[in-house]
Amino acid sequence: MCGLTENKGPTVGINLLMADLPIMLCDLLQGALESVPDIQVVKPVNDLQNLLDASKNGTADVMLLGSSRVENICSAVAIIDVLPDRHKDAKVIVLTQKPGYAEVISLFRAGVRGILCSANLRFDLLCKSIRCVHQGQIWASHEQLAHLVSSVSRPKSTDVTDSHGRPLLTAREQQVLHLLADGLSNYELATVLKLSEHTIKNHLFRIYDKLGVSNRMEAVLYALTPRNTLPVPARAVGETTSSKVRMIKAG
């Protein structure tokens, strides 16, 4: 694990709010944190309804949220989206299971400041992450940071235009195609874009129809193939398939 520093300062009296965690884990953490003098657990503990109630008073410096996949999105993302104003200054750490590219990107886009993997959770690292995030740092593993770098550095080579530079796809369809080129499945596309899988399938059907292709591999090949004239169906240039396209999951 590593932290990306924004600013440093003394860490004292951190009010920690825990919500949406497995009950047994929450009980263990609450008991263990009683012996940590600079971290105070905010009550009620693990009460999601209280967390989302805008009429309640009080807030926390740091939130530790659990994350489970519900209706194709990370529940932590859904929770963050509806947090009341009283929590707007709280820094969020999410505890999740083996987060992949799609989940990492969607969580950080939602404003999360740290991600912990429950599969190898250590109490000393948990306390360190709380302190680091409270000081303004980002807490992430090297793999998660690699996902972030990839998300902002991937080439914009999938923009599809005609010979006059006019876009053939809508902005959302272009976004779907762009992520498709990274090999994301429908489920991962839905997670990153915060849409249902049904909506993702509808976008894909429209993309296929506009480009004159029949599957996701042909759509990506179509977008990655250089052309100076009006585009032709990707199936006509299938022999130019790159190693990147070969890795894309068949749809």
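L224 is partly exposed, its relative accessible area coming out at 26%. That value belongs to a predicted model, and L224 makes a handy way into it. This leucine sits in helix α10. Along the chain, L224 and V160 are 64 residues apart, yet a distance of 8.8 Å separates their C-alpha atoms.

Stepping back to the whole chain, the protein has 11 helices and nine strands. Of its 251 residues, 46% count as buried. Links between distant parts of the sequence are plentiful in the contact list: taking contacts between residues at least 6 apart in sequence, 65% join residues at least 24 apart.

What about the interior? In soluble globular proteins, nonpolar side chains tend to be buried together. Here the largest nonpolar core has 26 residues, and L177 and L211 are the ones with the most contacts inside it. Several helices feed into this core, with at least two residues coming from each of α4 (101-109), α7, α8 (186-193), α9 and α10 (216-224). The top contributor is α9, which gives five residues. A further core lies apart from this one; it has 23 residues, and L17, M63, I80 and V92 are among them.

Two helix pairs help to show how the region around α9 is put together. Take α7 (residues 171-180) and α9 (residues 197-211) to begin with: they pack at an angle of about 95°, their axes 10 Å apart. That angle makes α7 roughly perpendicular to α9. On the α7 side, the contact involves R172, E173, V176, L177 and L180, while α9 brings in H203, L204, R206, I207, K210 and L211. Sorted by class, the residues of this α7 contact with α9 are six nonpolar, one polar and four charged. L177 and L211 turn up in this contact, and these are also the two residues with the most contacts inside the largest core.

Next comes the pairing of α8 with α9. Their axes come within 9 Å and cross at roughly 105°, and α8 and α9 are therefore roughly perpendicular to each other. From α8, the residues N186, Y187, L189, A190 and L193 meet E197, I200, K201 and L204 of α9. This contact of α8 with α9 divides into six nonpolar, one polar and two charged residues. L204 of α9 takes part here, just as L204 is listed in the contact with α7.

How enclosed is α8 itself? Six of its eight residues are buried, so α8 is largely enclosed by the rest of the structure. The buried ones are N186, L189, A190, T191, V192 and L193. Of these, N186, L189, A190 and L193 also belong to the contact with α9. Just past the end of α8, K194 takes a positive phi of about 60°.

Finally, a word on the cysteines. A disulfide is a covalent bond between the sulfur atoms of two cysteines. In this model, the disulfide count comes to zero. C26 is buried, with a relative accessible area of 2%, and C127 is buried too, at 4%.

Methods: Residues numbered from 1 in each chain as written. Predicted model: local features only at pLDDT ≥ 70, side-chain atom pairs only at ≥ 80, totals over all residues. Heavy atoms only, no water. Axes fitted to C-alpha atoms, helices over the stretch in contact; angles between N-to-C directions. Helix = DSSP H or I, 4+ residues; strand = E, 2+ residues; numbered from the N terminus. Parallel < 35°, antiparallel > 145°, perpendicular 65-115°, else oblique. Contact = heavy atoms within 4.5 Å. Nonpolar A, V, L, I, M, F, W, Y, C, P; charged D, E, K, R; others polar. Core = buried A, V, L, I, M, F, W, Y, C linked by side-chain atoms within 4.5 Å. Buried < 20%, exposed > 50% of the residue type's maximum accessible area, 1.4 Å probe, protein only. Disulfide = S-S within 2.5 Å.
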